[in-house]
Amino acid sequence: MMKRRFSILMMAGLALVQSCSHDETGSDQGGDHGDDAIIYTDLSAEGTANCYLISEAGDYKFKAVQGNTDVTVGDVNSVEVLWESFGTDVTPKAGDLIDSPTYKDGYISFKTPETFAQGNAVIAAKDSEGVILWSWHIWCSKEGWKEQEYYNNAGTMMDRNLGATSATPGEVGALGLLYQWGRKDPFLGSSSITESTDAASTGTWNVDSDGSTTKAQENPMTFYTSLYLPNESWQSQKTAYDPCPVGWHVPDGDEEGVWAKAFGSSDFQASFDGNNKGFNFSSKFGDSKMIWYPASGCLYCDSGELYLVSNYGYYWSCSAFGSNYAYYLNFNNSNNVNLENYTHRSYGKSIRCLKEK
């Protein structure tokens, strides 16, 4: 039985055609940033983004600006950890991953427990009326990521999905997070590689119908079943809504995209790995290295339900197709691979980040 992720607010979906025709708050004003006795590691020292990786316990801060821009998010009255997740079926306690968020002098700071825990969390900045101004994904992973040079000089990619704590075939930590096209904020993936079972978290997730850029920004935990964000939301040149860390962005995915360049024809001779539930793209070339893509499934556009985990892999690109569609990579357990498919933007799919040139 598939677990329901969301408490449904209002539904208005279309049938799939190719488918689809804690509370930890704190505020601080004036003076030096944070506790004067604490030295905070500045995660934004080399650039700002909507996602920051931490790999060990500590005290951290980052600039409260919109993604990779220098635009302030506005008048911050409070900050809050919206949710935390290990990416498993175990529900964290508030503060198990990150804790004690504060805002001061244009920076948001937070701490981790002395014992570092792997997973993901999101911090939000709010105005005086409690409206979310902006939110940031904190990626907690000891391994971080490794760089992989793709074939035919197609580009340098991460060796794992965005939000993954592992790149090892068969590990649930390799599944990572899921994203609606054009959004900077993640949704949870599965807690199992063999079935569509929602990962546990400290948050409450919602579903609504018609979305917009503003609604998505103010409601990062709401899945919108009708969400067609503008083509400018994600592009080859990193945008303010790009979900990847500093120096990385959502990859191109049309006929000139990274997958088409690297892997060429979709006529693969390699086979879906039924034991580890995914696809090793380097096996097409008889290469001993591993370019592992897990079959992490997706969130269905009409309901936000997690489905097809272990059988299908779906990976967004930044490349728009018309005004309602976008390109993506997909494969399945029948050895079918499509390097430049396109579908409705309301789906929640995985992301594999491409290094900026």
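## Disulfide and cysteines

A disulfide is here a pair of cysteine sulfur atoms within 2.5 Å. The model described is a predicted one, and the structure holds one such link. The partners are cysteine 244 and cysteine 353, whose sulfur atoms lie 2.2 Å apart. The link of cysteine 244 and cysteine 353 is left-handed, with -90° about the S-S bond. This pair connects distant parts of the chain, 109 residues apart. Cysteine 244 belongs to the loop between β15 (222-226) and β16 (248-249), and cysteine 353 to the loop between β24 (348-349) and β25 (354-355). Cysteine 244 counts as buried because its relative accessible area is 0%. Cysteine 353 is likewise buried, at 0% relative accessibility.

Cysteine 140 has its closest cysteine sulfur in cysteine 51, at 9.7 Å, which is too far for a bond. Cysteine 298 is in no disulfide either, and the nearest cysteine sulfur, that of cysteine 301, is 8.2 Å away. Burial also applies to these unpaired residues: cysteine 140 has a relative accessibility of 0%, and cysteine 298 has a relative accessible area of 1%.

## Overall composition

Two helices and 25 strands are found in the protein. Of its 357 residues, 57% are buried. The accessible surface comes to about 14000 Å², and carbon and sulfur atoms account for 44% of that area.

## A four-stranded sheet

Four strands form an open sheet in the order β3-β5-β8-β7, and the pairing is mixed. At the edges are β3 (41-42) and β7 (99-104), each of which pairs on one side only.

Within this sheet, strand β5 (residues 59-63) and strand β8 (residues 107-111) run antiparallel and are joined by five bridges. Lysine 63 has tyrosine 107, in β8, as its bridge partner.

## Largest cavity

The largest cavity has a volume of about 70 Å³. Its lining consists of Gly182, Arg183, Lys184, Asp185, Thr213, Ala216, Gln217, Leu229, Ser233 and Tyr241. By residue class, this lining comprises three nonpolar, four polar and three charged residues.

## Pockets

The largest pocket has a volume of about 330 Å³. It is lined by 16 residues, and those closest to its centre are Leu43, Glu46, Tyr52, Leu53 and Val246. Two elements, β3 and β4 (51-54), give two or more residues to the lining. Strand β4 provides the largest share, four residues. The lining of the largest pocket divides into ten nonpolar, three polar and three charged residues. Strand β3 thus appears in two settings: it is an edge strand of the open sheet and it contributes to the lining of the largest pocket.

The second largest pocket has a volume of about 230 Å³. Thirteen residues line this pocket, and Ser236, His249, Asp252, Leu354 and Lys357 are the closest to its centre. Its lining is made up of three nonpolar, four polar and six charged residues.

Note on methods:
Residues are numbered from 1 along each chain as its sequence is written. This is a predicted model: local features need pLDDT of at least 70, side-chain atom pairs count only at pLDDT 80 or more; totals for chains, interfaces and linings use all residues. Side-chain values use heavy atoms; hydrogens and water are left out. Two strands pair if DSSP finds at least two bridges between them. Buried means under 20% relative accessible area, exposed over 50%, partly exposed in between (1.4 Å probe, protein chains only). Accessible areas come from the Shrake-Rupley method with a 1.4 Å probe; for residues, only the protein chains shown count as cover. On a 1 Å grid over the protein atoms alone, a cavity is a set of points where a 1.4 Å probe fits but cannot get out, and a pocket is an open set with protein on both sides within 12 Å along at least five of seven lines; lining residues have an atom within 4 Å of a point. Grid points are joined across faces, edges and corners, and a volume is the space filled by probe spheres set on the points. Ala, Val, Leu, Ile, Met, Phe, Trp, Tyr, Cys and Pro count as nonpolar, Asp, Glu, Lys and Arg as charged, and the others, Gly among them, as polar.
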